[in-house]
Amino acid sequence: MSQASQNLQLDKQGRLLHFLTIDGLQREMLTEILDTAEGFTGVSERTVKKVPLCRGKIVANLFFETSTRTRTTFELAAKRLSADVLNLNISASATSKGETLLDTLRNLEAMHVDMFVVRHASSGTAHFIAQHADPGVGVMNAGDGRHAHPTQAMLDMFTIRRHKGDFVGLRVAIVGDILHSRVARSQILALNTLGVTEVRVIAPQTLLPADARSLGVHVYHDLDEGIRDVDVIIMLRLQKERMRGALLPSEHEYFRLFGLTEERLAKADSGAIVMHPGPINRGVEMDSQVADGSKSVILQQVSYGIAVRMAVISMVIGSQNLQLQG
Ligand code: NCD
């Protein structure tokens with residue numbers, strides 16, 4: 001990440017003003033997010049599932065791309081912090097009538113929105129909004145193009161820490177469409193920052209970025225080989241909506257070579273966990289037996305997503321408040 005965007009998401013004291021990317025964040029900050037989320041997990045089990053930390057604040061969900069898990073868990077997270085939430089129906093809204101993104105932003109700011117949660121098909125949109133937002137307004141990147149999906153990466157780190165304790169000593173394999181995956185990019189940064197022993201990516205050559213090795217990973221093209229002895233397996237969806245032209249012979253062929261089955265899973269460490277950010281394509285990335293099996297923590301990832309999003313929302317709102325007071 002450039003120095004400029006790093007400065008954009010942190011204030012002079014190193015507090016989070018926005019949450020745009022994992023790039024440039026230190027291990028201490030990632031650990032603070034995980035520890036803060038740990039404190040919020042209990043809120044879901046209370047009779048009154050709310051804490052007053054963001055009472056009186058307005059969070060606007062700006063999802064220019066479809067989403068189920070991310071949008072709803074951001075909404076629940078903000079509501080559990082007692083914020084008011086606006087869900088903008090972007091496809092029916094002003095941008096589709098020709099209003100620019102900046103004009104939409106200015107109008108929402110005129111309504112005194114305190115935070116924007118942004119998902120967009122173009123890389124850099126959340127950064128752009130953060131650059132132009134009023135001081136005191138926080139921006140969350142909920143996925144921008146192929147670039148980054150930092151809250152997904154942090155909920156994945158939370159899931160790993162819950163199941164495996166420490167990051168040191170872990171071997172983690174990320175399998176599938178690395179090329180188009182903002183999730184993989186953010187995960188690789190977070191895993192390396194948190195100090196895992198090894199990150200492996202397992203994919204056909206056509207689904208790997210040209211500079212894959214420079215991301216700090218070991219590259220495998222054979223699933224049986226790459227999965228050997230790993231502690232964590234993260235499966236990714238084939239991002240067909242981002243593929244131009246045929247990068248694969250067929251889904252059937254992909255499953256034959258890169259699909260996770262019980263038989264293949266047996267090659268990983270006996271205590272290995274299986275993760276997937278969702279949505280899953282059963283029979284393409286993995287067998288249903290694996291998706292629903294005892295090693296799968298896929299639905300726990302979704303639950304933990306609420307606590308992790310509560311953590312980053314409350315941290316950003318907290319430091320924006322201090323910034324305004326100072
Ligand atoms: C991911 C995304 O949208 O980037 N999903 C998610 O946030 N739960 C991954 C995907 O769409 O495959």
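This passage describes the two domains of a predicted model, their sheets and the interface between them. Local features require pLDDT of at least 70, and side-chain atom pairs count only at pLDDT 80 or more, whereas totals for chains, interfaces and linings use all residues. Residues are numbered from 1 along each chain as its sequence is written, and side-chain values use heavy atoms, with hydrogens and water left out.

The domain assignment divides the protein chain into domain 1 (3–147 + 303–325) and domain 2 (150–299), the bounds being taken from an automatic or database domain assignment. The centres of domain 1 and domain 2, taken over C-alpha atoms, are separated by 26 Å.

One open sheet consists of four strands in the order β2-β1-β3-β4, with parallel pairing. Strands (E, at least two residues) and helices (H or I, at least four residues) are DSSP runs numbered from the N terminus, and two strands pair if DSSP finds at least two bridges between them. Because β2 (84–87) and β4 (138–144) each have a single partner strand, they stand at the edges, and one side of each is left without a neighbour in the sheet. On average, neighbouring strands of this sheet are turned by 15 degrees against each other, direction ignored. Within the sheet, β1 (residues 58–63) and β3 (residues 115–120) run parallel and are joined by five bridges. L62 has V118 in β3 as its bridge partner.

A further open sheet contains five strands, ordered β7-β6-β5-β8-β9 and paired in parallel. Its edges are occupied by β7 (218–220) and β9 (273–275), each with a single partner strand, so one side of each lacks a neighbour in the sheet. The average turn between neighbouring strands of this sheet is 20 degrees, direction ignored. Strand β8 (residues 232–235) runs parallel to β9 and is joined to β9 by three bridges; I233 has V274 in β9 as its bridge partner. Helix α6 (residues 150–164) lies across β8 and β9 and runs at about 170 degrees to β9. Axes are lines fitted to C-alpha atoms, for helices over the stretch in contact, and angles run from 0 to 180 degrees between N-to-C directions.

Domain 1 and domain 2 bury about 2600 Å² between them, of which 58% lies on carbon and sulfur atoms. Buried area denotes the accessible area (1.4 Å probe) that two parts lose on being put together, summed over both. In domain 1, the residues losing the most area to domain 2 are L34, R146 and Y304, which together account for 28% of what that side buries. The contact (heavy atoms within 4.5 Å) takes 34 residues from domain 1 and 28 residues from domain 2.

Nine residue pairs are in polar contact across the interface of domain 1 and domain 2, both residues being at pLDDT 80 or more. A polar contact is a pair of N or O atoms within 3.5 Å; within protein, one must be able to donate a hydrogen and the other to accept it, and residues adjacent in sequence count only if both atoms are side-chain atoms. On the side of domain 1 that touches domain 2, two or more residues each come from α2 (27–40), α3 (69–80), β3, β4 and α12 (298–325). The largest share of that side, eight residues, is given by α2.

The structure holds 14 salt bridges, and the count between domain 1 and domain 2 is four. The criterion is a side-chain nitrogen of Lys or Arg within 4 Å of a carboxyl oxygen of Asp or Glu. R162 forms a salt bridge with E38, with the closest N and O atoms 2.5 Å apart. This pair links distant parts of the chain, as R162 in helix α6 and E38 in helix α2 are 124 residues apart. The side chains of R161 and D35 also meet in a salt bridge, at 2.9 Å from N to O.
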